[in-house]
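Hi,

Here is the structure I promised to pass on. Have a look at it first, and my notes come right after.

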Amino acid sequence: MTALAEIVVALLLVVGGVFGAVGSWGLVRLPDPMTRLHAPTKAATLGVGSVLIASMVFSWFVLGRPTWHELLIALFIFLTAPITGLFIAKAHMHLSWDRRELPRAEPDTDWATFGDSAEESPMVRAPEPPPRCE
Amino acid sequence: MTRPAPPGPAPTRPAATPAAPHRHGAHHPAPHRAASLMRRILPHPGVSLIVALVWMMLVNRFAWGSLVFAVVLGVVVPVMTAPYWPDRAGFRSPGRIAGYIGIVLIDIAKANIAVARIVLFMPKRDLRPCWLTVPLDLTSPEAITVLAGTITLTPGTVSCDLSEDGRALLVHCLHAPDPDAVLDEIKTRYESRLKEIFR
């Protein structure tokens, strides 16, 4: 039983490592920031996920100690990964895309980051750099 | 998705003020008052349950003291955050949530393998990244948030923005030789299911 659990843990760790490496390699290899965004949001999810499952299997079946923290980590990763992706994408849209290059939402509206309410956003109107203290 | 926080305390919904239609209903105001009180103490019963559950998982070992504290947190946190979330997320058929999570988990695994193959084996010149406008049939902010999160976590797509009127999502595809097929998959595979789950 323990031996079986250890084999499963080893396999999961290898899978996790491979996907983590592929995610990082994608970050290097893909041509521009928008496509680079795809590699870490996905490959990292499964990579981290298999390491977490490995940790759980190890703790339950090898150490005999039930643990729930891994489920929480997975939950928070699934909640935060899309939000990080969204914010990086928005920042990138402002920094290196012209809004005319993006598809229109509908004939009469614009995307939220370019809309009227976004005029006050610190990202659109870059504030003066703070005075340097000598 | 991003909803501005109301400045004051939570506006009570019409359902919470039962005074008007029950002029002479002095016989049975009690259930209404009890419902209104319950709404004030437990503005989001689902959130309360999840907060308590997360606390118990964080403690990682069952103890009655932790359970008491979990219940206290489950009551206090939703009450304190209620002004920022005045409406309840309305569910039509919450029983389908588990099925949806299952589908998304399987798709995440598939997405990882698909993206890994693109990263490792596809020559750069064959890559066809594109922007995509996804018109939304969903209206509730909670449902749109779930859909945007799902799009980011699944095959070769990242949701980038919401239109000002909240009726379209801007999605970036890593490799989409046929953008209409991607759009079709998002609409039929995820949005139609979310439409059944959320009101």
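Below is what I found where the two chains meet.

One thing to keep in mind: this is a predicted model.

Let's start with the interface as a whole. Chain A puts 47 residues into the contact and chain B puts in 46. Between them the two chains bury about 3800 Å², with 71% of that on carbon and sulfur atoms. On the chain B side, the residues that lose the most area to chain A are B:Val119, B:Trp131 and B:Glu164, together 18% of what that side buries.

As for polar links, there are 8 residue pairs in polar contact between chain B and chain A (both residues at pLDDT 80 or more). The interface also has 1 salt bridge. You'll find that salt bridge between B:Asp161 and A:Lys90, where the closest N and O atoms are 3.3 Å apart.

Which part of chain B gives the largest share of the side that touches chain A? That's H4(B), with 11 residues. By class, this side of chain B has 30 nonpolar, 11 polar and 5 charged residues.

There's also a helix crossing to look at. Helix H4 of chain A (residues 69–96) and helix H5 of chain B (residues 141–153) have axes that come within 9 Å and cross at roughly 85°, so H4(A) is roughly perpendicular to H5(B). H4(A) makes this contact through A:Phe78, A:Ala81 and A:Pro82, while H5(B) uses B:Gly149, B:Thr152 and B:Leu153. Sorted by class, that gives 4 nonpolar, 2 polar and no charged residues.

Cheers

Technical notes. Residues numbered from 1 in each chain as written. Chains lettered and ligands numbered in written order. Predicted model: local features only at pLDDT ≥ 70, side-chain atom pairs only at ≥ 80, totals over all residues. Heavy atoms only, no water. Axes fitted to C-alpha atoms, helices over the stretch in contact; angles between N-to-C directions. Helix = DSSP H or I, 4+ residues; strand = E, 2+ residues; numbered from the N terminus. Parallel < 35°, antiparallel > 145°, perpendicular 65-115°, else oblique. Contact = heavy atoms within 4.5 Å. Nonpolar A, V, L, I, M, F, W, Y, C, P; charged D, E, K, R; others polar. Buried area = accessible area lost by both parts, 1.4 Å probe. Salt bridge = Lys/Arg side-chain N within 4 Å of Asp/Glu carboxyl O. Polar contact = N/O pair within 3.5 Å; in protein donor to acceptor, adjacent residues only side chain to side chain.
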